[in-house]
Amino acid sequence: SSNCGEKKTHENTLWAIFILGLLGGLIALITPCVFPMIPLTVSFFTKAEKGKGMFNAVMYGFFIMLIYFLLSIPFHLMPNIDPEILNQISTNSWLNLFFFAIFIAFALSFFGYYELALPSKWSNKADSGSNIGGLIGIFFMALTLAIVSFSCTGPILGSLLAGSLGTAGDPAFQLSAGMTGFGLALALPFALFALFP
């Protein structure tokens with residue numbers, strides 16, 4: 001049957017989209033890509049002295065939330081992006097095989113078959129800028145979490161994206177609210193367990 005003009009538009013408030021994103025982030029926490037990362041990353045922050053460790057833990061949580069918010073920025077700039085793009089990326093077989101190969105290479109290194117080491121020149125530069133490197137390093141840890149967990153979080157984010165872009169109102173702002181909620185739900189356990197191990 002054809003649309004006779006009586007089709008109702010479904011409009012969600014920014015708070016409703018934020019809460020949906022929060023729920024999606026909580027669901028993503030129990031996926032096999034995210035859940036094992038909690039003890040691995042938390043142990044990194046508990047090794048530092050207490051004041052610095054607490055600051056780093058808070059910044060880590062903030063950076064996780066910021067990364068998911070920044071992921072929504074292209075939808076503000078290019079409104080014609082396909083809402084299913086995150087689903088397509090996360091289920092791309094070549095991308096998943098590439099990540100698989102990287103994980104196998106790191107696993108073999110962890111088992112001691114060979115050693116992956118940065119050139120000494122790079123490590124000396126990193127030591128000389130340790131204050132800046134600390135925050136940059138934490139940002140890249142958060143970015144690594146987002147990339148590594150993407151094959152599990154991508155379908156949830158894709159559903160959130162399709163849901164927010166398919167409603168009335170400003171879809172880009174609704175997407176930003178949903179992504180911020182998702183990032184907050186994902187960041188809270190990492191930051192809280194790092195603060196109070």
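These legends describe close-up views of a predicted model of one protein chain.

**View 1. The whole chain is built from helices.** The predicted chain holds 10 helices and zero strands. Read from the N terminus, its elements run α-α-α-α-α-α-α-α-α-α. Of its 197 residues, 34% count as buried. The chain exposes about 12,300 Å². Carbon and sulfur atoms supply 71% of that exposed area. Take the contacts between residues at least 6 apart in sequence: 84% of them join residues at least 24 apart.

**View 2. The largest pocket draws on α6 and α8.** This pocket has a volume of about 530 Å³. Its lining is made of 11 residues, and the closest to the pocket centre are Phe 103, Phe 106, Phe 110, Thr 144 and Val 148. Two helices, α6 (93–110) and α8 (130–148), each supply at least two residues of the lining. Helix α6 gives the most, with seven residues. By class, the lining has nine nonpolar and two polar residues. Charged residues are absent from the lining.

**View 3. Helix α6 and the residues at its two ends.** Helix α6 has 18 residues. From first C-alpha to last, α6 reaches 25 Å, close to the 26 Å expected at 1.5 Å a residue. Just after α6, Gly 112 takes a positive phi of about 90°. On the other side, Asn 92 sits in the loop between α5 (85–90) and α6. Asn 92 is partly exposed, because its relative accessible area is 33%, and partly exposed covers the range between 20% and 50%. The C-alpha atoms of Asn 92 and Ser 151 are 9.0 Å apart in space, although 59 residues separate the two in sequence.

**View 4. Helix α3 and its buried residues.** Does the length of α3 agree with, or depart from, the span expected at 1.5 Å a residue? It agrees: the 21 residues of α3 should span 30 Å, and the end C-alpha atoms are 30 Å apart. The buried residues of α3 include Gly 53, Ala 57, Tyr 60, Gly 61, Ile 64 and Tyr 68. An α-helix has 3.6 residues a turn, so residues three or four places apart point the same way. Also buried in α3 are Met 59, Phe 63 and Ile 67.

**View 5. Asn 56, a buried residue of α3.** Asn 56 lies in helix α3. Its relative accessible area is 12%, so Asn 56 counts as buried; the cut-off is under 20%. Which residues does Asn 56 contact, leaving aside neighbours within four places in sequence? They are Phe 45 and Ile 138.

**View 6. Phe 45, a buried residue of α2.** Phe 45 is found in helix α2. Phe 45 is buried, with a relative accessible area of 3%. Not counting residues up to four places away in sequence, Phe 45 touches Gly 53, Asn 56, Ala 57, Tyr 60, Ile 138, Met 141 and Ala 194. Gly 53, Asn 56, Ala 57 and Tyr 60 are among the buried residues of α3. Phe 45 and Leu 195 are 150 residues apart along the chain, yet their C-alpha atoms are separated by 8.1 Å.

**View 7. Lys 47, in the loop after α2.** Lys 47 is placed in the loop between α2 (37–46) and α3 (50–70). Is Lys 47 buried or exposed? Lys 47 is exposed, because its relative accessible area is 71%, and the exposed class begins over 50%. Lys 47 and Ala 194 are 147 residues apart in sequence. In space, their C-alpha atoms are 10.0 Å apart. Ala 194 is also one of the residues that Phe 45 touches.

**View 8. Ala 185, a buried residue of α10.** Ala 185 lies in helix α10, which covers residues 171–195. With a relative accessible area of 2%, Ala 185 is buried. Leaving aside neighbours within four places in sequence, Ala 185 is in contact with Leu 22, Gly 25, Leu 26 and Leu 29. The C-alpha atoms of Ala 185 and Met 65 are separated by 8.3 Å. Along the chain, these two residues are 120 residues apart.

How values were computed:
Residues are numbered from 1 along each chain as its sequence is written. This is a predicted model: local features need pLDDT of at least 70, side-chain atom pairs count only at pLDDT 80 or more; totals for chains, interfaces and linings use all residues. Side-chain values use heavy atoms; hydrogens and water are left out. On a 1 Å grid over the protein atoms alone, a cavity is a set of points where a 1.4 Å probe fits but cannot get out, and a pocket is an open set with protein on both sides within 12 Å along at least five of seven lines; lining residues have an atom within 4 Å of a point. Grid points are joined across faces, edges and corners, and a volume is the space filled by probe spheres set on the points. Helices (H or I, at least four residues) and strands (E, at least two) are DSSP runs, numbered from the N terminus. Ala, Val, Leu, Ile, Met, Phe, Trp, Tyr, Cys and Pro count as nonpolar, Asp, Glu, Lys and Arg as charged, and the others, Gly among them, as polar. The expected span of a helix is 1.5 Å times one less than its number of residues. Buried means under 20% relative accessible area, exposed over 50%, partly exposed in between (1.4 Å probe, protein chains only). Contact means heavy atoms within 4.5 Å. Accessible areas come from the Shrake-Rupley method with a 1.4 Å probe; for residues, only the protein chains shown count as cover.
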